[in-house]
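Q: Got a minute to go through this model with me? I'd like to talk about the DNA first and then the protein chains.

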Protein chains: 2
Amino acid sequence: MTQRSIRHQAVTLRQVAAHAAVSRQTVSNAINAPHRLEPATLAKVIKAIDELRYRPNRSARSLSTGSAGLIGYCIPQRSVGYANSMMDSFLHALSAAMETVGRHVLLFTAPPGEAGLSMYADLIAQRAVDGFVLSDTDRDDPRHPWLTERDIRFVSFGRTWPEDGQERGSWVDVDGAAACSAIVDGLHANGHERIGFVGRRGRLGAAKDRRNGWRDACVRHGLPIAGMSVACPGDTVANGERAAHLLLDRPKPPTAIVAISDVFALGVMRAVIDRGGRPGTDVAVTGFDDTPLASAVTPALTSVRQPVVEIAATALRLLEAPTGTSEGVLLPGTIVSRDSADITTTLTPADVRQRNVAAHRQQAGLKRDRQENKK
Amino acid sequence: MTQRSIRHQAVTLRQVAAHAAVSRQTVSNAINAPHRLEPATLAKVIKAIDELRYRPNRSARSLSTGSAGLIGYCIPQRSVGYANSMMDSFLHALSAAMETVGRHVLLFTAPPGEAGLSMYADLIAQRAVDGFVLSDTDRDDPRHPWLTERDIRFVSFGRTWPEDGQERGSWVDVDGAAACSAIVDGLHANGHERIGFVGRRGRLGAAKDRRNGWRDACVRHGLPIAGMSVACPGDTVANGERAAHLLLDRPKPPTAIVAISDVFALGVMRAVIDRGGRPGTDVAVTGFDDTPLASAVTPALTSVRQPVVEIAATALRLLEAPTGTSEGVLLPGTIVSRDSADITTTLTPADVRQRNVAAHRQQAGLKRDRQENKK
DNA sequence: TGCCCGCGTTTGACCGGTCAAATGGCGGGG
DNA sequence: CCCCGCCATTTGACCGGTCAAACGCGGGCA
């Protein structure tokens, strides 16, 4: 009867019911469907709940409802020396968003590609999670069709690229093309006439997207693009450095270099330093993702901040959407101007908002008609 | 009867039992206590499990056993501009370690200090987690006594500092003192005679620990310590920069600066650059944690790598230990020498191992005698 | 006055496992 | 030859919720 024992001996719904002199179901309703109860009864039950410090047992509820209240997130294995793109801040935002609806994030590890799919299958089979949030997606990510086929709920942070018209599931992404265009606009406004680009080889859709933004803006301003773009294999400082040397070795070297990631940008800065130049003064440099790196280095790196809170909130909304619906949401990034490149944003907030809404509409409400396959 | 329906309609233990022509309990035993079954029966059941692709329902199991199979990890809210110390790699290692015993990590958010305790209480009351792994601990962390009092399982990444003799729960930590001593040894061996220190004010035990290591080594080598140490309020680049300026403004400025974190070290580097010097050439600089920052900046930063995999494995072992036992484990960090300071490690692996074992023993096997309070 | 309807509440069954006690078959010792 | 004990296996109860159907009750309408 002491405080201790009450707190520890796991108060059950039946005990609350007895305490409030009602049935178990009434207590259950007080929690899940209070509108069904008469106000007086509701008050009585709530009082009992508070007095006994009752908290429903999550396993029991999951067992009944069939929903675990958990969302799986595969923590990407990153090679040493690879600075991860704001994963920690995204995870925080995602956790916080989930908690607003009483859910949580469950972490797991899995090898990339096909090999990892069995982990996803396992978690679903065990009913350990209700769905997944994917990150580090690439174009033709095997997880997209695999999960879609099995009617497993998920949201992809990164487009699902339903190129062939087949719907591949909901996604949230940041408009890398718009961000890179805006960077080029800003650099051009500051007098830069030759703007290089350090991108990434391979299937990553985001890389291509950002490159398109750079290219379109350059073309629009009449700036050269031939030979001004390098595609690196992996996201490492050394690769960024090599790419920058290639660009700076040209007869007419760029005066500004737009990199697809903060890590590449640091490689670019290193190349500039090695050649006796000063990043931000002799060659403007910009990165992407606004990782902690960006503000910490000297000179501080101009980068594109991903709106992690909005991304997380959108991911949650898409997860909660009824099964069978598929939607893509494109959010704007924010250019954070620092010493490595002075960018005064030319996009007004209204432009960005409009662009976002348009992309949003484009994908909304598409329905998959695989309903009949179910039974 | 198709593949699809088998995979989706949640195969239950009873179905497996029917398929194998045995009772439900036999199937349960095949999974949890195979030694109880006759080999022939076991084989038969396993065959049935494989054929039906059976995976036990996690909620149901949790409900019966009272164990959720989940460990809570509070994702620390970090202010903008604060580069987090290897949280992502630690989380990966922790997840992987948990998976070796069929557990997972559940993320949640909570405000720091007393205010956040209710989140921990909630998760336990809901039986959502079996225990916690704490990080970002400080001396007199309210979570340590709070969790201990309530007999809630946890492991602290960071010492629990049971100064008053009262046991505060198990912990794993990295021997910051030894690492800083070794750095000073290395710097001294390379001819440095004045070695500054950038530490942190406040209650963080780790800061004091590392400072002790620096101080002891300096004293041992007969190097000056008066006025050579600065304590910053928060872990930001700007603070590190200010601290470095203070040190370098002295009549006899240090030729090397040991910083307590990579972020501080970057601040120090910035200060050196601002004064027209070159970090690593004019002033040696070292950091701590070996965050992705360290290898990415120019010059690359010498830092101390935390053995995240071992930390995670140890955390798991301590969590699995029987309730009522309390143990502390001190692991060695590894100095990663890069351009910002040339350190050839003087500690042999044997020294480190021995030191570790000693610390390990020191705490092992302490028992709390709060057993009688339980019933 | 009697019947039906709807609301608020209660009851029994169920989710899918595990625990503990009961069962049956077999070999060994008295 | 019978009884005992051990082992492998089975059975019933239970974990703590939710669902769906059943219940009692008062008001509106015929």
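A: Sure, here is a quick run through the DNA surroundings and then the contact between the chains; keep in mind that this is a predicted model.

Q: How many residues surround DNA strand D, and which are the closest?

A: There are 25 residues around DNA strand D. The closest are A:L13, A:S28 and A:S64, along with B:Q25 and B:T41.

Q: Which elements give two or more residues to that surface near DNA strand D?

A: Chain A brings in α3 (24-32) and α5 (58-65), and chain B brings in α3 (24-32) and α5 (58-65). The largest share is from α5(A), with five residues.

Q: And by class, what does the surface near DNA strand D have?

A: 12 polar, eight nonpolar and five charged residues.

Q: OK, over to DNA strand C. Which residues are the closest there?

A: A:Q25, A:T41, B:L13, B:S28 and B:S64 are the closest, out of 26 residues that surround DNA strand C. The surface near DNA strand C gets at least two residues from each of α3 and α5 of chain A and α3 and α5 of chain B.

Q: How do the residues near DNA strand C divide?

A: Into 12 polar, nine nonpolar and five charged.

Q: Switching to the protein. What turn lays chain B on chain A?

A: A turn of 180°, with a shift of 0.0 Å along the axis, and the RMSD is 0.0 Å. The two copies are therefore related as by a two-fold rotation axis.

Q: How many residues does the contact take from each chain?

A: 45 residues from chain A and 44 residues from chain B. On the side of chain B that touches chain A, the elements giving two or more residues are α5, α6 (87-99), β2 (104-108), α7 (117-125), α12 (262-274) and α13 (292-296).

Q: Which of them gives the most?

A: α6(B), with seven residues. By class, that side of chain B has 24 nonpolar, 13 polar and seven charged residues.

Q: Do the copies meet through the same surface or a different one?

A: The same surface, because 100% of the interface residues of chain B are also interface residues in chain A.

Q: What about β2 of chain A, how many bridges join it to β2(B)?

A: Three bridges, and the strands run antiparallel; in chain A, β2 spans residues 104-108.

Q: Which residue in β2(B) is the bridge partner of A:V105?

A: That's B:L107.

Terms used: Residues are numbered from 1 along each chain as its sequence is written. Chains are lettered from A and ligands numbered from 1 in the order in which they are written. This is a predicted model: local features need pLDDT of at least 70, side-chain atom pairs count only at pLDDT 80 or more; totals for chains, interfaces and linings use all residues. A residue is near a molecule or strand if its C-beta atom, placed from the backbone, lies within 6 Å of it. Helices (H or I, at least four residues) and strands (E, at least two) are DSSP runs, numbered from the N terminus. Ala, Val, Leu, Ile, Met, Phe, Trp, Tyr, Cys and Pro count as nonpolar, Asp, Glu, Lys and Arg as charged, and the others, Gly among them, as polar. Copies are superposed by least squares on the C-alpha atoms of residues with pLDDT of at least 70 in both. Two residues are in contact if their C-beta atoms, placed from the backbone, lie within 7 Å. Two strands pair if DSSP finds at least two bridges between them.
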